[in-house]
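Visitor: Hi, I'm new to this one. Can you walk me through what I'm looking at?
Guide: Sure, let's bring it up on screen.

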Amino acid sequence: MTVRTRFAPSPTGYLHIGGVRTALFNWLFTRHHGGQFLLRIDDTDQQRNVDAALAPILHGFEWLGIDWDEGPGKGGPHGPYYQSQRLSHYQAAADRLVASGHAYHDYARPEEIATEREAAEREKRPFLYSRRWMAESANDRVRFENEGRSAVVRLKMPREGTLVIDDQIRGQVEFEWAREQDHVIQRADGTCLYHLASVVDDHDFEITHVIRAEEHLSNTPRQIFILESLGYPRPVYAHLPYVAEPGSKTKLSKRKLDKYLKNRDFAQIYEHGRAIATALGLAPAADTFNPVIVDFYEQVGYLPDAIVNYLVLLGWSLDERTEFFTRQQMIESFSLGRVNKAPASFDPKKLWSFQDHYMQQLPIDQKLDMMLPYLERAGVVSTPASDDVRERLRQVIQAAGDRLKVAGDILDFADFFVPDEQLRYDEAAFEKQLRDPESAARLARFRDRLSTAAAFDPAALEQLLQAFVADEQIGVGKIIHAIRVAVTGKAVGFGLFETLALLGRGTSVARIDRALARREAQAN
RNA sequence: GCCCCCAUCGUCUAGAGGCCUAGGACGUCGGGUUCUCAGCCCGAAAACCGGGGUUCGACUCCCCGUGGGGGUACCA
């Protein structure tokens, strides 16, 4: 038997990080067993613009490297994969259930059901519909309709016995049939409801393993009733715990961003991303610019491998120590048996540490291809970038080393690409390092040595500085920071000698001159 | 209300009765390397929700609480 699984996104316009985790587990399980993973679109609320709302979701999966074998954009032998195009299947199934006596036309008015339910609640007994308005014959239907009633189709659920579900993650779960309601499967207007649709689709798509969020565990009995009444085989079930908020056991929701931003780590990740988006001139819209949504990470320049590696460990582990997995290793080692039962809360700081790790591993050519577009989009370099710019970028990336955590961080080093007169200064650093007249004088003296230096490579520059501090009888700390601020505008950056060598003699000297002149102007 | 699921450091987790004076990772704190920052190295603090059982012995099994989540919709 070929394993077939599915993920069923609703076209909401964004890809939620928790949804990705569910899809990822489906995908890993399927790839592990050499099966097929498909995407089915839950667009039963007939909304407009399904394709537009779906695009970011499909794009997100593609970006993360979670590919599907059948579904939107892929086609497949079981299509269509959009629920809105499958309504006739559901109606046919509803008709069959009525014909076989597993469902019935119910003519109760909503308020009549509500009255029964309230009575049950008052008497503290479980509610079970009396089926008073159940049509048992064509005559009943005519009679009820003459009373001005309209019908929905309800499941005629068993009222005794126990259902045992053998869940791959939870183990055996038991339900009393008598606690299950006669759920509506078809509305008065003829449209069908989710549970029916889902069961019919899973059967039509030959889904063998239903791996989904635990919120569906309680829904499983009614789905099993439907599928067994229809004569369909029962798939294997696995109910995943949900992904919770940072530092809490409450389900993660994109609507609660404001609340999450009170968490220091979360806020840090968000602000870092926002600074990059702002530099790119993207007006960060609350709708998509949200660390709960995958799009955020792509915009800021995270690596898909980091996100996937982080997510696979959110509710799953191989053993007590393995942290890093290639895709292949993940696929080989994934099993539902090692999925946790308890919800796992989303920790952007830990994701960050995976990002750090994967970025360190990334070959420089790939970093270059990934980072150049950020400089182009921010307008720091022209598009397309010249070979000279590419070469300089390569050198900057090399020198920056582990300081580049996400691709957007390259914008921190924009000062290597802007003309001298556009260099911007960190005012606090400028103040601290250059205000003192003695410091400025020293910097001017160093500038003269720099302008006549015999060689301009890092080693030679270091020697030059060592000689300088020896002559001045000071420590390197007394001058080095002032130089950095003068030539980069910032108090932090990579090694000063690499910085100077990269900028070159002309730029280095010109920038020191400019800083000194600026200081002079401020002093007056 | 009723039904179902869940519960180990702040967080992700290991643990399937003695290997546990509870292991790893992120984060935090301290130290080292260093021109700043990042990185790297070393170290520390930090947990079995509570109460009953079962057992020679419970983080592990059972029961009851408590807390969290889900279902109980003509939502998905």
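Guide: One term before we begin: a residue is buried if 20 or more other C-beta atoms lie within 10 Å of its own, and exposed if 12 or fewer do. Also, keep in mind that this is a predicted model.

Visitor: Okay. Which residues of H6 are buried, then?
Guide: They are His-195, Leu-196, Ala-197, Ser-198, Val-199, Val-200, Asp-201 and Asp-202. That makes eight of the 11 residues in helix H6 (residues 194-204), so the helix is largely enclosed by the rest of the structure.

Visitor: And what covers those buried residues of H6?
Guide: The cover includes H3, strand S7 (184-186), strand S8 (209-213) and helix H7 (220-229).

Visitor: What follows H6?
Guide: Glu-206 comes after H6, and its phi is positive, near 55°.

Visitor: Which other residues have a positive phi without being glycine?
Guide: Lys-124 is one of them, with phi at about 55°. You'll find Lys-124 in the loop between H4 and helix H5 (138-146). Gln-473 is another, with phi near 60°, and it lies in the loop between helix H18 (458-472) and H19.

Visitor: Is Lys-124 buried or exposed?
Guide: Lys-124 is exposed, because it has just 6 other C-beta atoms within 10 Å. Gln-473 is exposed too, with 7 of them inside that distance.

Visitor: Let's zoom out. How many helices and strands does chain A have?
Guide: Chain A has 20 helices and 11 strands.

Visitor: What's the radius of gyration of chain A?
Guide: For chain A the figure is 32 Å, whereas a compact globule of 524 residues would have one near 24 Å. Along the principal axes, the C-alpha atoms fill a box of roughly 110 × 50 × 45 Å.

Visitor: How much of chain A counts as buried?
Guide: 37% of its 524 residues do. As for contacts in chain A between residues at least 6 apart in sequence, 75% of them join residues at least 24 apart.

Visitor: I see RNA there too. Which residues come nearest to RNA strand B?
Guide: Tyr-194, Glu-320, Ala-342, Ala-344 and Gly-495 do, out of the 63 residues around RNA strand B.

Visitor: What's the mix of residues on the surface near RNA strand B?
Guide: It divides into 23 nonpolar, 17 polar and 23 charged residues.

Visitor: Which elements supply that surface near RNA strand B?
Guide: Several give at least two residues each, among them helix H4 (110-122), strand S6 (171-176), helix H19 (477-488) and helix H20 (496-523). The largest share is from H13, with four residues.

Visitor: Tell me about H13, then. Which of its residues are buried?
Guide: In H13, Pro-348, Leu-351, Phe-354, Gln-355 and Met-359 are buried. Looking down the helix axis, you'd see these buried residues fall within an arc of 135°, so they line one face of H13.

Visitor: Why would residues a few places apart end up on one face?
Guide: An α-helix has 3.6 residues a turn, so residues three or four places apart point the same way.

Visitor: What's on the face of H13 turned away from the buried side?
Guide: That face carries the exposed residues Gln-360 and Gln-361. Over on the buried side, the cover includes helix H9 (264-279) and helix H11 (304-312).

Visitor: What span should H13 have?
Guide: With 14 residues at 1.5 Å a residue, H13 should span 20 Å, and its end C-alpha atoms are 20 Å apart, which agrees.

Visitor: New topic: where are the cis peptide bonds?
Guide: One joins Gly-79 and Pro-80, with omega at about 0°. Pro-80 is in the loop between H2 and H3. Another cis bond runs from Thr-383 to Pro-384, where omega is near -5°, and Pro-384 lies in the loop between helix H14 (364-377) and helix H15 (387-400).

Visitor: Back to that loop after H2. Where does Gly-65 lie?
Guide: Gly-65 lies in the loop between helix H2 (50-64) and helix H3 (87-99). It counts as exposed because it has 12 C-beta neighbours inside 10 Å.

Visitor: What is Gly-65 in contact with?
Guide: Leaving aside neighbours within four places in sequence, Gly-65 is in contact with Pro-304 and Arg-327.

Note on methods: Residues numbered from 1 in each chain as written. Chains lettered and ligands numbered in written order. Predicted model: local features only at pLDDT ≥ 70, side-chain atom pairs only at ≥ 80, totals over all residues. Near = placed C-beta within 6 Å. Nonpolar A, V, L, I, M, F, W, Y, C, P; charged D, E, K, R; others polar. Contact = placed C-beta atoms within 7 Å. Expected span 1.5 Å × (residues − 1). Arc of directions from axis to C-beta. Rg over C-alpha atoms; globule rule 2.2 N^0.38 Å.
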